[in-house]
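Work through the exercises below with the sequence and the structure side by side, and try each task before you read its solution.

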Amino acid sequence: MSTSGRRGETTFAETTFAETTFAENTFAENAVRLTIDVPVTVDRAAPAPLAVQVAAQLREAMRTGGLKAGERLPSTRRLAVLLGVSRTVVTDAYQQLYAEGWLEGRHGSGTYVAEDALPYEYAVPDHAATGTAGTGEDAPASAAPGDVVDLRPGRPWVFGYDRAAWRRAWRSAGDLPLNAFPDPYGHPELRELLAGHLRRARAVPVDAGNVMVTRGTGNGLDLVAATLLGPGTRAGVEEPGWGAARRVFASRGAEVVPCPVDEQGVIVEALPDDLRVLYTTPAHQFPVGGRLPIPRRERLLAWARRTGAIVVEDDYDAEFRYDVAPLPALYGLDPARVVLLGTLSKSLGPDVGLGWLVAPADLLGRVAERRARVADRTSGPVQRAVTTLLERGDLDRHLRRMRLEYARRRAAIVEALGPCVRGDTAGLHVMVALSAAVVPGLVRRAGEHGVLLDTTERHHLGPPRVHGLVLGYGSASLAGVRRGCAVIRALIPPGEA
């Protein structure tokens, strides 16, 4: 039943969602009547928006068992009628719950409570009896053999791609004749498509002449380092930051200089003036998770112009934002002082082995000359397959699907560990801030219960400045993320959260 009143009154749908029935065809073509009986109210005088009220009550119903996994919800239109609100209100509520992982859509069938929607709960043994001092009171039970959740960063979900699109892309690659003299810049057609992608997605004013097709970020970084660095040069890397960048620079003879970051990214005022190259991740700093704001980006570029340094911008995680559009790439603000690196390793998978390097034409020419001398190249069939994925829009569709999926997993982490979570609403990892004394024992205990974790300490060159966990949610399912977070939450000592 539904009554709608004046402002200040409560609209009540005794949802008796039982007043609404739904017919669903079974394999035997019989109709199955589904009913849901959950009270939902909206208070127009309350400070919370109506969509937030609806989402909160449905969430609580799912949390407490009033709505069970697999049950079908009313259509947005029907629930809006029952509540006496606009359909937009219900649509917004459903979309929020979908992003959090509580709901799932089934093609041609409607909206359902997700099968793995209910939070994973551990049996709680007597903490004192476990003999594990320094852990949380609600220590989890041990995991079953083989029941492992990998929450380490840098691992994408490689099972969600469109297999038909993938097969189609490789059929097109099979039609490509072998090339006896591969172009060190990459296939012209793919370079044009990548330039268009960067103009649309990253606001980068670039044409194909500035783009080189690489085998990924590591390959692109090494090509730049081999061209610009050598004995006696100094190269900066964020601290904490990506260890592979330090190793690449050191392998080319440069002195590696740790450059401190804060919650927003690299601290410009702490940069020395004698760096030849600075490696940075402004879109989503690894591992702290900050996004470099525009004023600091401008100060960074002013520093580069003043000192003559080249800023190597790793566009890490830029394709995965869950709130607002990403900020324009640094390269677009000053193409003369920035080299932009990108990769498909997170959006498709590291096995694809394809990325891009965007640089001023003169520097790109030097990189290409060196690349040709050492016979470094990107696979021609891989380039042809990716060209097809871009031409047909398959890659864009895949990214849209994965943004929704990753947003659900990130929301599950925030829900479970909210007070400790740090980092921008983006990417495939978050940081969980903890005191230094807690981290080693928590990682060990979590491993005993089948949850693999990474720490911020591992990503420092010098003495650790930032302490906590680096949680990746790319390679674990939503249910796995929830189970892993339940383990972590149970092991965090009182007073840490």
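**Exercise 1.** In what order do the four strands of the open sheet lie, and is their pairing parallel or antiparallel?

Solution. Begin by reading across the sheet in this predicted model: the order of the strands is 17-18-21-20, and the pairing is antiparallel. Next, look at the ends of that order, where strand 17 (421–422) and strand 20 (454–455) each have a single partner strand, so that one side of each is left without a neighbour in the sheet. Then turn to strand 18 (residues 429–433) and strand 21 (residues 468–472), which are joined in the antiparallel sense by five bridges, and find Met431, which stands opposite Val470 in strand 21. As a general point, the strands of a sheet pair through backbone hydrogen bonds, in either a parallel or an antiparallel way.

**Exercise 2.** Find which strands helix 14 lies across, and state its angle to strand 21.

Solution. Locate helix 14 at residues 439–448 and follow it over the sheet, where it lies across strand 20 and strand 21. Comparing directions then gives an angle of about 40° between helix 14 and strand 21.

**Exercise 3.** Decide whether Thr280 is buried or exposed, and list what it touches.

Solution. First place Thr280 in strand 13, which covers residues 277–280. The relative accessibility of Thr280 is 0%, and because a residue counts as buried under 20%, Thr280 is buried. Leaving aside residues up to four places away in sequence, Thr280 touches Glu238, Val266, Val311, Val312, Glu313, Asp314 and Leu330. With one of these, Glu238, the side chain of Thr280 makes a polar contact through the side chain of Glu238, at 2.6 Å.

**Exercise 4.** Determine how many disulfides the structure holds, and whether Cys420 and Cys485 are buried or exposed.

Solution. The count of disulfides is zero. Applying the limit of under 20% once more, Cys420 is buried because its relative accessible area is 2%, and Cys485, at 1%, counts as buried too.

**Exercise 5.** Say where the pLDDT stays under 50, and how such stretches should be read.

Solution. Start with the whole protein chain, whose mean pLDDT is 84, with 84% of its residues at 70 or more. Then search for the weak stretches: the pLDDT stays under 50 over residues 1–35, for which the model has 93 contacts beyond four places in sequence. Over residues 119–143 the pLDDT is also below 50, and this stretch has 56 contacts beyond near neighbours in sequence. Where pLDDT is low, the predicted coordinates should not be read in detail.

Key: Residues numbered from 1 in each chain as written. Predicted model: local features only at pLDDT ≥ 70, side-chain atom pairs only at ≥ 80, totals over all residues. Heavy atoms only, no water. pLDDT = per-residue confidence, 0-100. Contact = heavy atoms within 4.5 Å. Pairing = 2+ DSSP bridges. Helix = DSSP H or I, 4+ residues; strand = E, 2+ residues; numbered from the N terminus. Axes fitted to C-alpha atoms, helices over the stretch in contact; angles between N-to-C directions. Disulfide = S-S within 2.5 Å. Buried < 20%, exposed > 50% of the residue type's maximum accessible area, 1.4 Å probe, protein only. Polar contact = N/O pair within 3.5 Å; in protein donor to acceptor, adjacent residues only side chain to side chain.
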